[in-house]
Amino acid sequence: MLGIPDSVMPHVRRFGFSGVIALGVVVVMIFGINPVTLLTGQVAEPLPYTTLTALDAIAAGEAQPDALVGAVSREANGFWERAFRSAAVYYPPVTLKTVASSDELGCGMAGSSVGTFYCPDDKTIYVDMARYADLVSAFPAEGHKAEGYLVGLAYGQHVQAALGEFDDLAGLEQAGRPDRERALGAQAACYAGAWTKWAGLEELLDYPAIVAAIDSVGPGVDVTPSPSHGLIPRALTAPSPAFRKLGFDLGYAIPAAGSCRLEKLDEPA
C-alpha cells in the first residue's frame with residue numbers, strides 16, 4: 001500500500017523507517033554502495049560520465065577516449081539547449097559522430113587531417129578518433145583535455161550557426177573577410193570557455209602545455225571543402241592566440257551566450 005518493495009519490509013519491521021534511512025546513508029558514506037541495491041538486490045544503472053569523471057576514469061585506465069567525447073557532447077549540448085530555451089530561442093538539434101579514421105569523415109572532408117570539426121551543412125560534429133589518438137600520443141598529459149576543448153569549440157560553432165553568425169560572410173569584400181573570420185574564431189572560443197567553466201574544468205588556455213596540444217591539431221585552414229559543401233568553420237582564418245584567449249576568458253568569466261557577443265570582442269593590437 002505504501003509502495004515499499006516486499007524485500008524491504010523485513011528491514012522496516014526490524015529497524016523502523018528512520019533506521020532503514022540511516023542504514024542507507026551509512027552504506028553510501030562508507031562503501032559507496034547504492035542502498036537500493038543492498039536492500040532490494042536490484043543493481044542500479046551506473047551514472048553516465050561527466051567530463052570530469054571521464055577524465056579521471058581514462059587516467060585510471062578504467063575508460064576509453066570515447067567516454068570523454070560522449071561526456072563532453074552530453075554536457076555541452078545540454079548546456080546550450082538550456083541556454084537557448086531560457087532565451088526563448090530555437091536551438092537546432094546537432095549530431096556528434098565519431099569515426100575510426102579520416103576516410104570516414106563526412107561534409108566533404110573524407111581523407112582530410114582536420115580532426116574534430118563542425119559541419120553546418122548537416123549540423124554534425126565529426127570526431128576523427130585516430131587523430132585524437134595521435135594527439136594523446138604526442139601529448140599524454142594534456143591530449144584528452146585538448147580534445148575536450150576541440151569538441152566544446154565545435155559545439156560553440158554550432159551555436160554560431162544557430163544564431164546566423166556565419167550568414168554575412170559570403171557578402172563581405174575579400175579584404176574585410178579575414179577580420180570577421182578572426183572575430184568569429186574568438187567568439188567560438190568564448191562559447192568553448194562558457195562550456196569549460198560550466199563543466200567544472202580549469203581555465204584551459206591558461207596552461208601553455210594544453211594550448212600547445214590544442215594548436216598541434218592546427219586550425220584546419222589547409223583543408224579544401226568539397227564544392228558541394230559550404231562553410232567549414234575550422235577552415236576560417238584563425239584568431240591570434242591573444243584574441244582567442246580574450247574570447248575564452250570572457251566566456252569562462254560569465255558562462256552565458258550574451259558574454260560572447262561580437263561587439264564585446266575587440267582584437268588586441
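Helices and strands here are DSSP runs, helices of at least four residues and strands of at least two, numbered from the N terminus. That numbering places S259 in the segment after α9, the helix of residues 241-253. The model is predicted.

**Confidence**

The mean pLDDT of the protein is 86. Of its residues, 79% reach 70 or more. Residues 26-30 fall under 50 throughout. For that stretch, the model has six contacts beyond four places in sequence.

**The sheet**

Three strands make an open sheet. Their order is β1-β3-β2, and the pairing is mixed. Why is one side of β1 and of β2 left without a neighbour in the sheet? β1 (95-99) and β2 stand at the edges, and each has a single partner strand, so one side of each has no neighbour there. From one strand to the next, the twist averages 20°.

Take the two pairings in turn. β1 and β3 are parallel and share five bridges. In this pairing, T98 stands opposite V127 of β3. β2 (residues 116-119) and β3 (residues 124-128) run antiparallel, joined by four bridges. Here F117 has Y126 of β3 as its bridge partner.

β2 and β3 also form a hairpin, with four residues between the strands. K123 sits in the turn and has a positive phi of about 50°.

Which way do the residues of β2 point? T116 and Y118 point one way, while F117 and C119 point the other way. All four are buried.

A helix lies against this sheet. α5 packs on it and touches β1 and β3. The direction of α5 makes about 50° with that of β3.

**The core**

The largest nonpolar core has 49 residues. W80, Y149 and Y155 have the most contacts inside it. Which elements each supply at least two residues of this core? They are α3 (51-59), α4 (65-86), β3, α5 (129-138), α6 (143-162), α7 (177-199), α8 (208-217) and α9. α4 gives the largest share, nine residues.

Y155 shows how the core residues meet. Not counting residues up to four places away in sequence, Y155 touches S73, A76, N77, W80, Y91, V94, L96 and I125.

F84 is found in α4. With a relative accessible area of 4%, F84 is buried, because buried means under 20%. Leaving aside neighbours within four places in sequence, the contacts of F84 are V89, Y90, Y91, V159, A162 and L163. F84 and A257 are 173 residues apart along the chain, yet their C-alpha atoms are separated by 8.6 Å.

**After α9**

Two residues in the segment after α9 deserve a look. S259 is one; C260 is the other.

S259 is buried, at 7% relative accessible area. The side chain of S259 reaches the backbone oxygen of I254 at 2.7 Å. Neighbours within four places in sequence aside, S259 is in contact with C190, L250, I254 and K264.

C260 is buried too, at 0%. C260 touches Q187, C190, Y191, G251 and L265, not counting residues up to four places away in sequence. C260 and G247 are 13 residues apart in sequence and 7.2 Å apart in space, C-alpha to C-alpha.

**Positive phi in two loops**

Most residues other than glycine have a negative phi. A88 has a positive value, near 60°, and is not a glycine. C107 is not a glycine either, and its phi is positive at about 65°.

Where do these two lie? A88 is in the loop between α4 and β1. C107 is in the loop between β1 and β2. Is A88 exposed or buried? At 74% relative accessibility, A88 counts as exposed. C107 counts as buried, at 5%.

The table sets these residues side by side.

| Residue | Location | Relative accessible area |
|---|---|---|
| F84 | α4 | 4%, buried |
| A88 | loop between α4 and β1 | 74%, exposed |
| C107 | loop between β1 and β2 | 5%, buried |
| S259 | segment after α9 | 7%, buried |
| C260 | segment after α9 | 0%, buried |

Conventions:
Residues are numbered from 1 along each chain as its sequence is written. This is a predicted model: local features need pLDDT of at least 70, side-chain atom pairs count only at pLDDT 80 or more; totals for chains, interfaces and linings use all residues. Side-chain values use heavy atoms; hydrogens and water are left out. Buried means under 20% relative accessible area, exposed over 50%, partly exposed in between (1.4 Å probe, protein chains only). Two strands pair if DSSP finds at least two bridges between them. A polar contact is a pair of N or O atoms within 3.5 Å; within protein, one must be able to donate a hydrogen and the other to accept it, and residues adjacent in sequence count only if both atoms are side-chain atoms. Contact means heavy atoms within 4.5 Å. A nonpolar core is a set of buried Ala, Val, Leu, Ile, Met, Phe, Trp, Tyr and Cys residues joined through side-chain atoms within 4.5 Å. pLDDT is the predictor's confidence in each residue, from 0 to 100. Axes are lines fitted to C-alpha atoms, for helices over the stretch in contact, and angles run from 0 to 180 degrees between N-to-C directions.
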